[in-house]
Amino acid sequence: MMPDHLPELAGPDQIAHAADLLRDGGLVAFPTETVYGLGADALNPAAVASVFLIKGRPPTNPLIVHVTGVDMVAPLVRNLPDRAVRLMRAFWPGPLSIVLPKSQLVPDIVTAGGPNVALRCPDHPIALALLFAFGKPLVGPSANTSGRISPTAADHVRQSFTTDQVYTLDGGTCGTGIESTVVSLIGDRTVILRPGVIGSHAISQVLHEDVLDSTITAPINSRQDAPGQLASHYAPHARAILFKDWHDLDGIIDMTDGPVIVLTHSLLAEHNHTRYQLIELSPDPREYAAQLYASLRRADAFNPALIAIHHPPVPGPGETDPESAAIWRAVLDRLSRATAHG
Ligand code: TXA
Ligand code: MG
């Protein structure tokens, strides 16, 4: 579907202006391949503090530091293990954030007082141009207020922040659509703290070692080592639930007082679709992930009594390729959090 207006994409002048703002401690929203980030000078504690402030982010939730590539990493970490470099070479620029012991250079506020820092090199020409123009690392949390749906278009950012608060570089729609995989290399283990499109299988193929997905093994409420992975996150304003079976939906609608929006990747032709407003997503996991957040925002804009989201497929072992399985897992992680209060 064509948007009503094509965005005016940021060019060299806007990027140079954005880099100037960052040097003055200002905030710049920038597109990445995953979602829009809220950029600030990672080495300027006052600028980082203003990121926490305008997002309403708990001070216990650390920020990802964005870099131009492996060359910018060395001063930011206490040591750079060979397996970290292997992951950077395999997946950067790309949607993988790597947690390593931080150096003194990284202000404590960036890591929420913790000893480790998450690092990522985004795969987006505007994000990279901004990083090169600024010449230093940038913090880049998703450019939404804390706990809400991440932005996948510049207009989403403008819905959360005024132009006085944040200068936004428009890069159109984000291609990946869900946030980066966060993997910890602390100690000897390799542990996924947040699932993303790069899954445990892809990481273990590069490292030739086992990768633990803590998001599978630990229940959503009981995780200690992934500080920002709160049970409720990515949440629309409307009540939202997951449903597995079309036949369950009728009972849910009967009990709901007001309009219902249904999000699905798989329509059941014989179901009575007149009782709700339907938003269809692609059955392809990559396309689904790219559409997810904009679809949740669209659903929320109807101000419905309920958003009912069709549970994504749960492929059995060997039923699908590992990449698709990883994306559906990451999608389910986001949907579980978006519906945690449902
Ligand atoms: O794709 C992305 O990662 C986007 C784009 C803009 O780059 N950024 C993003 O940032 O999603 P944010 O702040 O919304 O999510 C960062 C996640 C949180 O779950 C946080 O707890 C975790 O990364 N994280 C950051 N630093 C960490 C650290 N030192 N140790 C463990 N987890 C960390
Ligand atoms: Mg976020």
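This is a tour of one structure, stop by stop, with residues to select at each.

The model is predicted.

**Stop 1: the main core**

Start with Leu119 and Ile203. These two have the most contacts inside the largest nonpolar core, which has 72 residues. Keep Ile203 selected and show its surroundings. Leaving aside residues up to four places away in sequence, Ile203 touches Leu87, Phe91, Leu96, Thr181, Val183, Thr190, Ile192, Ile198 and Val211. Another core lies apart from this one, with 14 residues. Val28, Ile126, Leu131 and Leu169 are among its members.

**Stop 2: H3 against H6**

Select helix H3, residues 82–91, and helix H6, residues 200–207. Their axes are 9 Å apart, and the packing angle is about 120°. At that angle H3 is oblique to H6. The crossing of H3 past H6 is right-handed. Now show side chains. On H3, the contact uses Arg83, Arg86, Leu87, Ala90 and Phe91. On H6, it uses Ala202, Ile203, Val206 and Leu207. Ile203 is the residue from the first stop, with Leu87 and Phe91 among those it touches.

Stay on H3 and pick Val85, which has its place in this helix. Is Val85 buried or exposed? Its relative accessible area is 18%. The cut-off for buried is under 20%, so Val85 counts as buried.

**Stop 3: helix H4**

Move to helix H4, residues 125–134. Colour its buried residues: Ile126, Ala127, Leu128, Leu130, Leu131 and Phe134. Two of these, Ile126 and Leu131, also belong to the core of 14 residues. What do the buried residues of H4 pack against? Show helix H1 (12–23), then strands S1 (28–30), S2 (37–41), S3 (64–66) and S6 (138–139). Then step to Gly135, which follows H4 and has a positive phi, near 80°.

Keep H4 and H1 on screen. They pack at about 55°, with axes 9 Å apart. That angle makes H1 oblique to H4. H1 passes H4 in a right-handed crossing. From H1, select Ile15, Ala18, Ala19, Leu22 and Arg23. From H4, select Ile126, Ala129, Leu130, Ala133 and Phe134. Those two sets make the contact.

**Stop 4: Thr168**

Select Thr168, in strand S7 (residues 167–168). With a relative accessible area of 15%, Thr168 is buried. Show Ala29, Ala154, Val157 and Arg158, which Thr168 touches when residues up to four places away in sequence are not counted.

**Stop 5: the aromatic pairs**

Now display the rings. A pair of aromatic rings is described by the distance of the centres and the angle of the planes. How many aromatic pairs are there? The count comes to four.

Zoom to Tyr234 and Tyr293. Their rings are stacked, 6.0 Å centre to centre, with 15° between the planes. Tyr234 sits in the loop between helix H7 (214–217) and strand S11 (240–243), and Tyr293 sits in helix H9 (residues 285–301), so the pair ties together parts 59 residues apart in sequence. Tyr234 counts as buried, at 3% relative accessibility. Tyr293 is buried too, at 0%.

Next, select Phe243 and Trp246. The ring centres are 5.4 Å apart and the planes stand at 65°, so this pair is edge-to-face. Both residues are buried. Add Tyr276: ring pairs link Phe243, Trp246 and Tyr276 into a cluster.

For a sense of distance, draw a line from Tyr234 back to Val85. Their C-alpha atoms are 31 Å apart in space, and the residues are 149 apart in sequence.

**Stop 6: H9 beside H10**

Finish with H9, the helix that holds Tyr293. Show helix H10, residues 322–338, next to it. The two axes come within 9 Å and cross at roughly 25°. That makes H9 roughly parallel to H10. The crossing of H9 past H10 is left-handed. In H9, select Pro285, Arg286, Tyr288, Ala289, Leu292 and Tyr293. They meet Glu323, Ser324, Ile327, Trp328, Val331, Arg334 and Leu335 in H10. Tyr293 thus has two roles on this tour: it stacks with Tyr234, and it is part of the H9 contact with H10.

Methods
Residues numbered from 1 in each chain as written. Chains lettered and ligands numbered in written order. Predicted model: local features only at pLDDT ≥ 70, side-chain atom pairs only at ≥ 80, totals over all residues. Heavy atoms only, no water. Core = buried A, V, L, I, M, F, W, Y, C linked by side-chain atoms within 4.5 Å. Buried < 20%, exposed > 50% of the residue type's maximum accessible area, 1.4 Å probe, protein only. Contact = heavy atoms within 4.5 Å. Phe/Tyr/Trp six-rings, centres within 6.5 Å; stacked < 30°, edge-to-face > 60°. Helix = DSSP H or I, 4+ residues; strand = E, 2+ residues; numbered from the N terminus. Axes fitted to C-alpha atoms, helices over the stretch in contact; angles between N-to-C directions. Parallel < 35°, antiparallel > 145°, perpendicular 65-115°, else oblique. Left-handed = near helix turned anticlockwise from the far one by under 90°.
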